[in-house]
Amino acid sequence: MMLLFLLLSQLSLVLAYQTQVRQEAQTCAVPKPLLGLPVRVCVPSEAPHVAHDGPSSEAQSPLKAWKPSGFCRGVRAEKFCVFTNPTFNHGEGISIITTGASIAKIATRSAFIPGESEQGDQSSSDPAPPYREVELEGKGIGLVTTRTIRAGELVMARTPGIMVNEHAIKVLGRKAMSELLVRAVDDLPQQHRAALLSLSSHSRAIDAGDLIFKILETNSFRTGYHDGVNPFYSLFAEVSRANHDCKPSCTYYFDHNNFFQKVLSVRDIAVGEELSIAYYDPLQTHAARQEKLQKEWGFKCSCERCSANASSIAESDDRVKQIQRLWKELDDHSTASKATPEKAELLISLYEREGILGRLHEAYYRAATEYIGIGDIDNAKKYAKLCVDSGVLFIGPDRPFVKSMQDLIADPTKHPKWKFRSKDI
């Protein structure tokens, strides 16, 4: 395999950097794996771009930290190349497959400017992480806790090894994309490279390029619009070791300020228990979940929700369908809507019963909206605070709904939804 890497590394094409353009970046509120459902909500990022103006701007250019490989595929505006920053995150390094114009924007993100973003392992305050890798029957390698983890604890925070412009995946053939991936991995520091290559491909690969392409397919997360134009998929060595569960013990989000994928516990996790995340939206029926996981990830889920007896599965499916109906009712703000605060309270309890604890902010938001809609300030502020606390913890502080709930708490009667459910308005 290394021989193939070295042979590909000898190929060289001319790369011209394009004019650096500043543009507001975006990040997706609910990151999804490469083969997951489309991201539903993308919001403007508040991560700053750093200007470098003046006589010494060339010497201080953010692009100087990036090593252009000269290895590209595609033509003109759709010419995608490998760019590597080997010193990123204390020498872990990162390779990005994108265009010259795109990397010029990404390089100005605060995460890549020394002193602008705090870097380093944020997984815990302990010298060692609170988990270890183990071989799990029927699952391959997974992560098991080595101590009790409390609800809301940051379990790990890792930066990506590889990031890929989604447009490159769309316009380049599999062969060209695989060649770029081989070079991207080969340009990383040895330890990070080895960790990425040890990830599961879920099926036998025919060569090095096919192996890395399958690893990307199986393990990557959609992490946001880092150049302000195109979404990117990111591959993380350690985060990808967490296996899927339809009632996950952890949730995750991508922090676009420092480019860390953060994994947090949604409940207390006992010593020896497996850490799990949801690969895609688990608020689906049993049949829908099984079909999606088998088709896209190649396995039959055997988690608690999926391996329950037929009666329990049917009851769970009924709750999921009820949740989906409540979404529609509560999100209907017309005068014909039959939504009530009681239905919002029911939605909260259904999320809890299904174990979707990392998304409770969705239900809290609807409850706060219903209570402010009838002018009940106390309950509106109660659920708005729960929404803010849960949302900031589990998906980050810079979401529009967080700002909306903070505004409600600060001045309930000035909120846009004040008494919108009242019949006399």
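**Exercise 1. Determine where glycine 142 is found and whether glycine 142 is buried or exposed.**

Solution. Glycine 142 belongs to strand β7; helices (H or I, at least four residues) and strands (E, at least two) are DSSP runs, numbered from the N terminus. The next step is accessibility: glycine 142 has a relative accessible area of 0% and is buried. Here buried means under 20% relative accessible area, exposed over 50%, and partly exposed in between (1.4 Å probe, protein chains only). Leaving aside neighbours within four places in sequence, the contacts of glycine 142 include Arg132, Val134, Arg241 and Asn243, contact meaning heavy atoms within 4.5 Å. Finally, serine 240 lies 98 residues from glycine 142 along the chain, with 9.0 Å between the two C-alpha atoms.

The model is predicted: local features need pLDDT of at least 70, side-chain atom pairs count only at pLDDT 80 or more, and totals for chains, interfaces and linings use all residues. Residues are numbered from 1 along each chain as its sequence is written, and side-chain values use heavy atoms, with hydrogens and water left out.

**Exercise 2. Describe the open sheet of six strands and identify its edge strands.**

Solution. The strand order is β3-β4-β5-β9-β11-β10, with mixed pairing; two strands pair if DSSP finds at least two bridges between them. The edges are β3 (67–73) and β10 (221–224), each of which pairs on one side only. On average, neighbouring strands are turned by 25° against each other, direction ignored. Within the sheet, β9 (residues 162–165) and β11 (residues 232–235) run antiparallel and are joined by four bridges. One position to inspect is methionine 163, whose bridge partner in β11 is serine 234. Helix α5 (residues 174–186) lies across β3, β4 (80–85), β5 (94–98) and β9, at about 165° to β3. Axes are lines fitted to C-alpha atoms, for helices over the stretch in contact, and angles run from 0 to 180 degrees between N-to-C directions.

**Exercise 3. Check the span of helix α10 (residues 341–354) and find what its buried residues pack against.**

Solution. The expected span is 1.5 Å times one less than the number of residues. For the 14 residues of α10 this should be 20 Å, and the end C-alpha atoms are 20 Å apart, which agrees. The buried residues include Pro341, Leu347, Tyr351 and Glu354. The buried residues of α10 pack against α9 (310–330), α11 (360–373) and α12 (377–395). Just after α10, glycine 355 takes a positive phi of about 75°.

**Exercise 4. State how many salt bridges the structure holds and analyse individual pairs.**

Solution. The structure holds 27 salt bridges, each a side-chain nitrogen of Lys or Arg within 4 Å of a carboxyl oxygen of Asp or Glu.

- Aspartate 268 and arginine 150 meet at 3.7 Å, N to O. Aspartate 268 lies in the loop between β14 (260–265) and β15 (276–277) and arginine 150 in the loop between β7 (140–145) and β8 (154–158), so the pair ties together parts 118 residues apart in sequence.
- Arginine 366 and aspartate 331 meet at 3.0 Å, N to O. Arginine 366 lies in helix α11 and aspartate 331 in the loop between α9 and α10, so this pair ties together parts 35 residues apart in sequence. Arginine 366 is buried at 15% relative accessible area, whereas aspartate 331 is partly exposed at 44%.
- Aspartate 407 and lysine 403 meet at 3.0 Å, N to O. Being four residues apart in helix α13 (residues 400–410), the two are separated by about one helical turn.

A network of salt bridges also links Arg174, Asp210, Lys214 and Glu217.
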